[in-house]
Structure formats: structure tokens, C-alpha cells
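Trainee: I should like to learn how to read a protein model step by step. May we begin with a term that will be needed later?

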Amino acid sequence: MDLCLIFYLYFILHLCVPSAETLVNLVCNESVTGILHEDTTLPCKTDTAGPINITFIKLPQDLTHDETLIFNSSENVRRGQDRIQLRHQDPYDRSLIIHKTELSDNGTYRYNARTDQGHDFALITLIVEGPEHLKTNASTHQEKPKEKERTGVGLILSMVFLMLLIFSAMFYYKKQLSRGTLLILIIEKKQLTFA
């Protein structure tokens, strides 16, 4: 079987079979505003209703600090913050609730969702404001979740297979071209011997 055809079939097969990355889709609000000393919900949903492991990590504001594990659903780890729990309104709801939000909760968090079929993550920025801000900007607290751009292993593999397909086509063309050049040389040689 020709090398070009093998890569082409493999590439088509790769496009038809979903990768593990696409089996779990986590959709969260990118930015959430919380009110000091009140409960704050970080809305997240998945398209998977089965068992799921959730980790919630606070990212450092600079490179001198490490990431801090805040919540891990499989180990029931809450790092001294019993203020965080999962909201269980429906099987697809993976929202976290931070009880009695504090100013130290300000920051960016990485929300990881992992199942047996795959994993996904979202970045959420939490902004904690005083209660007087609620009266003036009450409408800003309800943002709709945004679909994040899908970048990951599936996209990278697709690009690699496309590159391999292009290189194999170039190799095949060069091989055919060299065969044609050889055939022309043979014909010219025979013509010279007849003359």
C-alpha cells in the first residue's frame, strides 16, 4: 500500500474518532464578581453526568509563589477552607460555592474536571467587592458562560497528521517525478543509439 494512502487513511480515521479531550466539555464563567462576606457561586457545567473528579487550584499572582490546591472532590481536600463546596442542583451542574467570600479569595483559579473518558479545564477570575458595589452594579453579576477555544492534544495531532500527509504527498510526487525523469533519460539514450 502506498505511503501517501496510508497517511491519508490514518488522518481520516483520526478525524472520525473523537479524542479523549472532546469527551468532557467544561463550560464556566470566565469572570465572577463576589460580594464580601456573602456566598459566591462559580457557575460551571459539564456535558457528562457521571462520576467526576474536580480540583480547584488558585494560581499565583507572581512567579515567586506556588499554586494552591483549594478543593479536590475525590479526596475531599479543602486545605483548611471548609467554605468551598459543590452545588448539586442537577447532574450536569459542577458549580462551586464559596461561603462567606473573603478579600483573600480574589484571584484566578484553574478548575479541572476529570472523568474516565477524558478531562477539561477552565480558568475563572474571581473579583471580590464590598457590599455597596452590589447596589450600583447588580446586573453585572450574571454573565452567561462563554465557550472557550478548543486547543489541545486533538488539534495538535490533527496538525501533525496533516503535515505528514503533505510530506508524504511531496515524497510521492518527487518519486513520480524522478521516475519520469529516468524514463525520459532512457528514451533519449535509445534515440541517440538509433541515430
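Mentor: Certainly; a residue is called buried when its relative accessible area is under 20%, exposed when it is over 50%, and partly exposed in between. Please keep in mind that this is a predicted model.

Trainee: Is aspartate 93 buried or exposed?
Mentor: The relative accessibility of aspartate 93 is 4%. The limit for the buried class is under 20%. Because 4% falls under that limit, aspartate 93 counts as buried.

Trainee: Which residue meets aspartate 93 in a salt bridge, and to which class of accessibility does that partner belong?
Mentor: Side chains of opposite charge can pair when their charged atoms come close. Here the N to O distance is 2.9 Å, and the partner of aspartate 93 is arginine 87. With a relative accessibility of 22%, arginine 87 counts as partly exposed.

Trainee: Which elements make up the protein, and in what order do they run?
Mentor: The secondary structure comes to three helices and ten strands. From the N terminus on, the order is α-β-β-β-β-β-β-β-β-β-β-α-α.

Trainee: Which strands stand at the edges of the open sheet that contains β8?
Mentor: Three strands form this open sheet, in the order β3-β8-β7, with antiparallel pairing. Two of them have a single partner strand each, so one side of each is left without a neighbour in the sheet. The edge strands are therefore β3 (40–42) and β7 (84–86).

Trainee: Which residue of β8 stands opposite leucine 86?
Mentor: Strands β7 and β8 (residues 96–98) run antiparallel and are joined by three bridges. In β8, the residue opposite leucine 86 is leucine 96.

Trainee: How many residues of strand β2 are buried, and what stands opposite serine 31?
Mentor: Strand β2 covers residues 31–35 and is mostly covered, with four of its five residues buried. Strand β2 pairs with β10 (residues 119–129) in the parallel sense over five bridges. In β10, the residue opposite serine 31 is threonine 125.

Trainee: How far apart in sequence are arginine 110 and glutamate 67?
Mentor: The side chains of these two residues meet in a salt bridge, at 3.1 Å from N to O. Arginine 110 lies in strand β9 (residues 107–114), whereas glutamate 67 lies in the loop between β5 (53–58) and β6 (68–72). The pair thus links distant parts of the chain, and the separation is 43 residues.

Trainee: Which residues are joined into one network by salt bridges that share partners?
Mentor: The structure holds five salt bridges. In one of them, the closest N and O atoms of arginine 83 and glutamate 102 are 3.8 Å apart. Arginine 83 lies in the loop between β6 and β7 and glutamate 102 in the loop between β8 and β9, so the pair ties together parts that are 19 residues apart in sequence. The network consists of Arg83, Glu102 and Asp105.

Trainee: What is the area of the nonpolar surface patch that includes methionine 159?
Mentor: Methionine 159 is found in helix α3 (residues 153–194), and its relative accessibility of 46% places it in the partly exposed class. The patch is made by Met159, Leu162, Met163, Ile166, Phe167 and Met170, and its area is about 570 Å².

Definitions and conventions:
Residues are numbered from 1 along each chain as its sequence is written. This is a predicted model: local features need pLDDT of at least 70, side-chain atom pairs count only at pLDDT 80 or more; totals for chains, interfaces and linings use all residues. Side-chain values use heavy atoms; hydrogens and water are left out. Two strands pair if DSSP finds at least two bridges between them. Helices (H or I, at least four residues) and strands (E, at least two) are DSSP runs, numbered from the N terminus. Buried means under 20% relative accessible area, exposed over 50%, partly exposed in between (1.4 Å probe, protein chains only). Patches are made of residues with over 30% relative accessible area and no salt bridge: like charges are joined within 9 Å, nonpolar side chains (Val, Leu, Ile, Met, Phe, Trp, Tyr) within 5 Å. Accessible areas come from the Shrake-Rupley method with a 1.4 Å probe; for residues, only the protein chains shown count as cover. A salt bridge is a side-chain nitrogen of Lys or Arg within 4 Å of a carboxyl oxygen of Asp or Glu.
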